[in-house]
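Open the model in your viewer and keep the selection panel at hand. We will go from one residue out to its surroundings.

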Amino acid sequence: MTTGADDARWMAAALSLAERARGRSTPNPNVGCVIVQGGRVLGRGWTQPGGRPHAEAMALEQTGETARGATCYVTLEPCAHVSPRGPACADLLVAAGVARVVVALRDPDPRTDGDGIARLAAAGIAVTTGIGAAEARRSMAGFLTRQRFGRPHVTLKLALSLDGAAAMGDGRSQWITGAEARAHAHLERARHDAILIGRGTLAADQPRLDVRLAGLERRAPARILLSATPEPGWITLAAPGAIATLAGVDTLLVEGGAATAAAFLAEDLVDRLLLYRAPILIGGGRTLPTIGLDDLAQAHGRWARLDARQLGSDGLAVYERTGRD
């Protein structure tokens, strides 16, 4: 008999698989799927690069006839629409004869939005929803933000000294943090569709914005420049709000510098903060300019800490913008 603990365990496995597709599945969500029977994994899948095959299709390909009577754990409601790129996953699960489907989140895409669950239920399949919902929202934040707000999900990365400086007084910022923190930042790059910097950072540092981690070198995101003047070889945006026009970008990493960070914060376009703090003092360095607050009270209650860890000699704190749900 399946217990609540079993459901949580297998959904955690599906969520772990979904992470493999982050930054690679756009325009589709990064979904993970595990098909289980008798405590044994029969098939597993995650959304493939470019969005197809879907996670359920990949997992079912591994199960064959053994899926009959099994339980499917999937981080997003199985799709109900037929696409030229592939069949509806709800129909595939019905045809495979699974007995139960556990879904973390309902799909807000109007082509599915409850129809996938209804189709499963109409076929006599037991459906449980909401297991691992909070984790699934964070995992698929890019897709969900695009669906709700019509723009990418924005993560702002800031590397700061103990005295809050993001760069030397002349704008140089290489390197505030150490090797471990920089490696973590490269992993974050690999999990985003695009990365954005400002004109000042381009002039001061000439960053490559690639991914320098073994095995992930090909995962470099698209490069975007926030500037009123076009730059050869770059996608150029004149204002932060123009991120809504970016095709094929559901996850955006903003890396700098201070003026660019402040511009995104002032327009309330930051959904997630990565604050790397180095144990150094700069003195006279560049800090964030105004972000449009008229009173200190407006600064409180906007951010909730999700994670904190040590990366070598540096600290990392991860924050999420509150009030988005």
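Start by selecting Ala304. This is a predicted model. Leaving aside neighbours within four places in sequence, Ala304 contacts Val318, Tyr319, Glu320 and Thr322. Show those four as sticks.

Is Ala304 buried or exposed? Neither: Ala304 is partly exposed, because its relative accessible area is 31%, between the 20% limit for buried and the 50% limit for exposed.

Next, widen the selection to residues 303-311. This is strand β12, and Ala304 belongs to it. For a sense of distance, pick Leu226 as well. Its C-alpha atom is 27 Å from that of Ala304, and the two residues lie 78 apart along the chain.

Now colour the sheet. Eight strands form an open sheet in the order β9-β8-β7-β10-β6-β11-β13-β12, and the pairing is mixed. Which strands sit at the edges? They are β9 (235-237) and β12, each paired on one side only. From one strand to the next, the twist averages 25°.

Move to β6 (residues 153-160) and β10 (residues 251-256). These strands run parallel and are joined by four bridges. Select His153 and look across: Thr251 in β10 stands opposite.

Then select helix α7, residues 179-190. The helix lies across β6, β7 (194-198), β10, β11 (272-277), β12 and β13 (314-321). Against β11, helix α7 runs at about 160°.

Finish by colouring by pLDDT. The protein chain averages 90, and 97% of the residues score at least 70. Among the elements, strand β3 (residues 71-76) has the highest mean, 97. Helix α8 (residues 199-205) has the lowest, 76.

Terms used: Residues numbered from 1 in each chain as written. Predicted model: local features only at pLDDT ≥ 70, side-chain atom pairs only at ≥ 80, totals over all residues. Heavy atoms only, no water. pLDDT = per-residue confidence, 0-100. Helix = DSSP H or I, 4+ residues; strand = E, 2+ residues; numbered from the N terminus. Buried < 20%, exposed > 50% of the residue type's maximum accessible area, 1.4 Å probe, protein only. Contact = heavy atoms within 4.5 Å. Pairing = 2+ DSSP bridges. Axes fitted to C-alpha atoms, helices over the stretch in contact; angles between N-to-C directions.
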